[in-house]
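Me: I should like to learn how to read a structural model feature by feature. May we begin with single residues and then proceed to helices?

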Amino acid sequence: MSLNQHVTEIMLALGLEDRMVGTAYLDDAIHPDLKDAYEKVPVLAEQYPSQENILAAKPDFIYGGWESAFQNEAAGSREELEKFGIASYLHESSNIKNPQLEDVFQDIKNIGKIFREEEAAETLTSEIQSKVQEIQQNIPKQEVTKKVFVYDSGDSAPLTAGQNFLNTLIEIGGAENIFGNLNKGWATVSWEEVAEAAPDEIIIIDYGDTSVEDKKTFLKNHSVMKELKAVKEEQFTIIPLSEASEGIRAPEALEKIVDGIY
């Protein structure tokens, strides 16, 4: 059983849909290349299923993307699941500070080893690495490093990317996350700090009930943000949450970041 979209997509990309008794919690649409495989897997809940529903599906292994998958309101603790005879794996690269591509690859290879699909895992990570390198080779050289602000959410104060996977992708793209020095993955900052850093590009994370258009409108009407050149010129790059996560979509996210910046 997989809980969270980015780990579900890893399972499907490894061809493991026939080994899955259930899945749950999409952030947005499943990757189009994996849609047929996804439709073969029972969807247990829109978000996290209850432990009762999880036990009814009789999994012997649960793959969680975020720590929240193993909270009491969801599957329950990994120790508790073990007492039910259910093994578990928490996607490590999503739960550490400053994850690198190699950390994501290690997770994929670990899942490949667990399911005895090492060759498929090696092929998948090699394909992702090749696509990333190809995008990097086409980045134009810059005399001054471009600066990027990641806007996740927030009205009175923005939630933004510190040292998380988006920060890594921005750096791979030859740019600078203006809050990349923050010693945490996600952080709340002030609008004044954003304005002072004067970003060249704004990445908007697309998820949840607030639409991208609403976020753009908010920025364009905000007393501080509306004065920024990046906002006036609508230098916005849209990244779905599924692409900002530590899964198979790093090349797609990187390509959008590079296209937006350069």
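Me: Is P199 buried or exposed?

Reply: Please bear in mind throughout that this is a predicted model. A residue counts as buried when its relative accessible area is under 20%. P199 has a relative accessibility of 6%, so it counts as buried. This proline sits in the loop that joins α8 to β10.

Me: Which residues are in contact with P199, apart from its neighbours within four places in sequence?

Reply: P199 is in contact with K147, V148, F149, I178, V194, L228 and A230. For one of these partners, I178, the C-alpha separation from P199 is 7.1 Å, although the two are 21 residues apart along the chain.

Me: How should sequence separation be read in the case of D28 and S50?

Reply: Separation along the chain and separation in space are to be read as two values. D28 and S50 are 22 residues apart along the chain, and their C-alpha atoms are separated by 21 Å. As for its setting, D28 belongs to the loop between β2 and α2. Its relative accessibility of 23% means that D28 counts as partly exposed. Beyond four places in sequence, D28 has contacts with Q5, D206, P240, L241, S242 and R249.

Me: Where does Q51 lie, and is it buried or exposed?

Reply: Q51 lies in helix α3, which spans residues 51-56. Its relative accessible area is 18%, and Q51 is therefore buried. Leaving aside neighbours within four places in sequence, Q51 is in contact with A74, A75, G76, E80 and F84. P158 is 107 residues from Q51 in sequence, and the C-alpha atoms of the two are 34 Å apart in space.

Me: Which sign does phi have in Y25 and in A198?

Reply: Phi is a backbone angle to be read together with the residue type. In Y25 phi is near 75°, a positive value in a residue other than glycine. Y25 is in the loop between β2 and α2, and at 22% relative accessibility it counts as partly exposed. A198 is likewise not a glycine, and its phi is positive at about 50°. A198 lies in the loop between α8 and β10, and its relative accessible area of 36% makes it partly exposed.

Me: Let us turn to helices. Which residues of α9 are buried, and why are they placed on the same side?

Reply: The general idea concerns the helical repeat. An α-helix has 3.6 residues a turn, so residues three or four places apart point the same way. In α9, residues 212-221, the buried residues are V212, K215, K216 and L219. They cover an arc of only 100° around the axis, which puts them on the same side of α9. The elements that cover these buried residues include β6, α8, β10, α10 and β11.

Me: How does one read the packing of α5 against α6?

Reply: One reads the distance between the axes, the angle and then the residues in contact. Helices α5 (residues 101-114) and α6 (residues 118-137) have axes 7 Å apart and pack at an angle of about 160°. The two helices are therefore roughly antiparallel to each other, and their crossing is right-handed. The contact involves L101, F105, I108, K109, G112 and K113 of α5, together with E118, A121, E122, L124, T125, I128, Q129 and V132 of α6. By class, these residues are seven nonpolar, three polar and four charged.

Me: At what angle does α6 cross α12?

Reply: Their axes cross at roughly 10° and come within 9 Å. α6 and α12 are therefore roughly parallel to each other. I128, K131, V132 and I135 of α6 meet A250, P251, L254, E255 and V258 of α12. This contact has seven nonpolar, no polar and two charged residues.

Me: What is the arrangement of α7 and α12?

Reply: Helix α7 (residues 165-172) and helix α12 (residues 250-261) have axes that come within 9 Å and cross at roughly 60°. That angle makes α7 oblique to α12. The crossing is right-handed. On the α7 side, F165, L166, L169, I170 and I172 take part, and they meet A250, A253, L254 and I257 in α12. The contact of α7 with α12 has nine nonpolar residues, with no polar and no charged ones.

Definitions and conventions:
Residues numbered from 1 in each chain as written. Predicted model: local features only at pLDDT ≥ 70, side-chain atom pairs only at ≥ 80, totals over all residues. Heavy atoms only, no water. Axes fitted to C-alpha atoms, helices over the stretch in contact; angles between N-to-C directions. Helix = DSSP H or I, 4+ residues; strand = E, 2+ residues; numbered from the N terminus. Parallel < 35°, antiparallel > 145°, perpendicular 65-115°, else oblique. Left-handed = near helix turned anticlockwise from the far one by under 90°. Contact = heavy atoms within 4.5 Å. Nonpolar A, V, L, I, M, F, W, Y, C, P; charged D, E, K, R; others polar. Buried < 20%, exposed > 50% of the residue type's maximum accessible area, 1.4 Å probe, protein only. Arc of directions from axis to C-beta.
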